[in-house]
Amino acid sequence: IRLLSNRRAPVMDLSKKCHFHGFISHIWSTGQDQTHTIVRQMKLVMPDVRIWLDVDCLENLGALEESVGDATTFLVFLSVGYFKSRNCRRELYAGLALDRPFIPIHEADVEKGGAALEVLKAECRAHCVDDAGLGTYPSYLGPAEMVFRIFEKEDPILWVRVNAFQLESLKSIALRMLRHSPYYMRHPETLAAGVIVAGGGAPSPF
């Protein structure tokens, strides 16, 4: 990935409190293969990116909340059953409590475990009724707060597997992650024109 504004690779700095650029939250039954692909492909187009993925990084299931806090952004892979998982909800409430920027990624292919956004919203409303009984986010306002953060604050990024279309998904994920890095928080104008992938076609704007 290169910035369209200067054709340079992005600055991949981290805050002193974090060791990862993103934490990716998913449910194994319908999201494991896809999230592994996302992380693998992100590293191909942006080699210095560090994304927390459970199979690579999880040593203690009791430390999920700490792991969310060790990343600058919180990526949510939206697939069927995600909101039914207590551990996924633990991660969500930690993301809210820490005020991490949410980057929702939507699996729409029903044959791959996806669903329409309205179906996923309904699942969210049905299951995100409290903070998983953990007391980690006592100020939780209920399902409306979660729906807003995941589905309405910014449009979810559609995950597409096919060649050039997948590059567009990856560029959108990269842009949102970069927007919240320390350097680009100070210099947002540098990202305004979008990013390109060498040999990957048109730029991806905000």
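Which residues is His-26 in contact with, leaving aside its neighbours within four places in sequence? In this predicted model, the place of His-26 is in the loop between β2 and α1 (28-45), and the residues in contact with His-26 are Gly-31, Gln-32, Thr-35, Leu-53, Asp-54, Phe-77, Tyr-82, Cys-88 and Glu-91. His-26 has a relative accessible area of 6% and is therefore buried, since the cut-off for a buried residue is under 20%. One of these contacts, Cys-88, is likewise counted as buried, because its relative accessibility is 3%.

The cysteines were examined for covalent links, and a search of the whole structure finds zero disulfides. Cys-88 accordingly takes part in no disulfide, the nearest cysteine sulfur being that of Cys-128, at 9.8 Å. Cys-18 is also a buried residue, because its relative accessibility is 8%.

With respect to overall composition, the secondary structure of the protein chain comprises eight helices and seven strands. The chain has 206 residues, of which 51% count as buried, and its accessible surface amounts to about 9800 Å², with 54% of that area belonging to carbon and sulfur atoms. Among contacts between residues at least 6 apart in sequence, 73% join residues that are at least 24 apart.

Five of the strands form an open sheet with parallel pairing, in the order β3-β2-β4-β5-β6. The edge strands of this sheet are β3 (51-52) and β6 (157-158), each of which pairs on one side only. Strands of a sheet pair through backbone hydrogen bonds, in either a parallel or an antiparallel sense. Strand β2 (residues 20-25) is joined to β4 in the parallel sense over five bridges, and within this pairing the bridge partner of Phe-23 is Phe-74 of β4. Five bridges also join β4 to β5, and these two strands run parallel, with Leu-75 standing opposite Ile-103 in β5.

The burial of β5 was considered next. Five of the five residues of β5 are buried, so that the strand is described as mostly covered. In a regular strand the side chains alternate between the two faces of the sheet. In β5 both faces are covered, with Phe-102, Pro-104 and His-106 buried on one side and Ile-103 and Ile-105 buried on the other.

A helix packs against this part of the sheet. The buried residues of helix α6 (residues 143-152) are Glu-145, Met-146, Val-147, Arg-149, Ile-150 and Phe-151, and these residues pack against β4 and β5 (102-106) as well as against the helices α4 (86-97) and α5 (117-127). An α-helix has 3.6 residues a turn, so residues three or four places apart point the same way.

Within β4 (residues 71-78), Thr-72 provides a local view of the surroundings of the strand. Thr-72 is buried because its relative accessibility is 14%, and, residues up to four places away in sequence not being counted, Thr-72 touches Leu-14, Cys-18, Phe-20, His-21, Arg-100, Pro-101 and His-180. Pro-101, one of these partners, is found in the loop between α4 and β5. On the same basis of excluding residues up to four places away in sequence, Pro-101 touches Thr-72, Thr-73, Phe-74, Arg-149 and His-180. The C-alpha atoms of Pro-101 and Phe-74 are separated by 5.9 Å, although the two residues are 27 residues apart along the chain.

The internal space of the model was also examined. The structure holds one cavity of 30 Å³ or more, and about 40 Å³ of space lies in the largest cavity. The lining of the largest cavity consists of Val-11, Met-12, His-21, Met-177, Leu-178 and Ser-181, and His-21 is also among the residues that Thr-72 touches.

Backbone conformation calls for comment at two loop positions. Most residues other than glycine have a negative phi. Arg-7, whose place is in the loop between β1 (2-3) and β2, has instead a positive phi, near 65°. Arg-7 is exposed, because its relative accessible area is 54% and the cut-off for exposure is over 50%. Asp-99, in the loop between α4 and β5, likewise has a positive phi, near 55°, and counts as exposed because its relative accessibility is 55%.

Key
Residues numbered from 1 in each chain as written. Predicted model: local features only at pLDDT ≥ 70, side-chain atom pairs only at ≥ 80, totals over all residues. Heavy atoms only, no water. Helix = DSSP H or I, 4+ residues; strand = E, 2+ residues; numbered from the N terminus. Buried < 20%, exposed > 50% of the residue type's maximum accessible area, 1.4 Å probe, protein only. Contact = heavy atoms within 4.5 Å. Disulfide = S-S within 2.5 Å. Pairing = 2+ DSSP bridges. Areas by Shrake-Rupley, 256 points an atom, 1.4 Å probe, with all protein chains shown as cover. 1 Å grid on protein atoms, 1.4 Å probe; cavity = no way out; pocket = protein on both sides within 12 Å on 5 of 7 lines; lining within 4 Å. Points joined across faces, edges and corners; volume = space filled by probe spheres on them.
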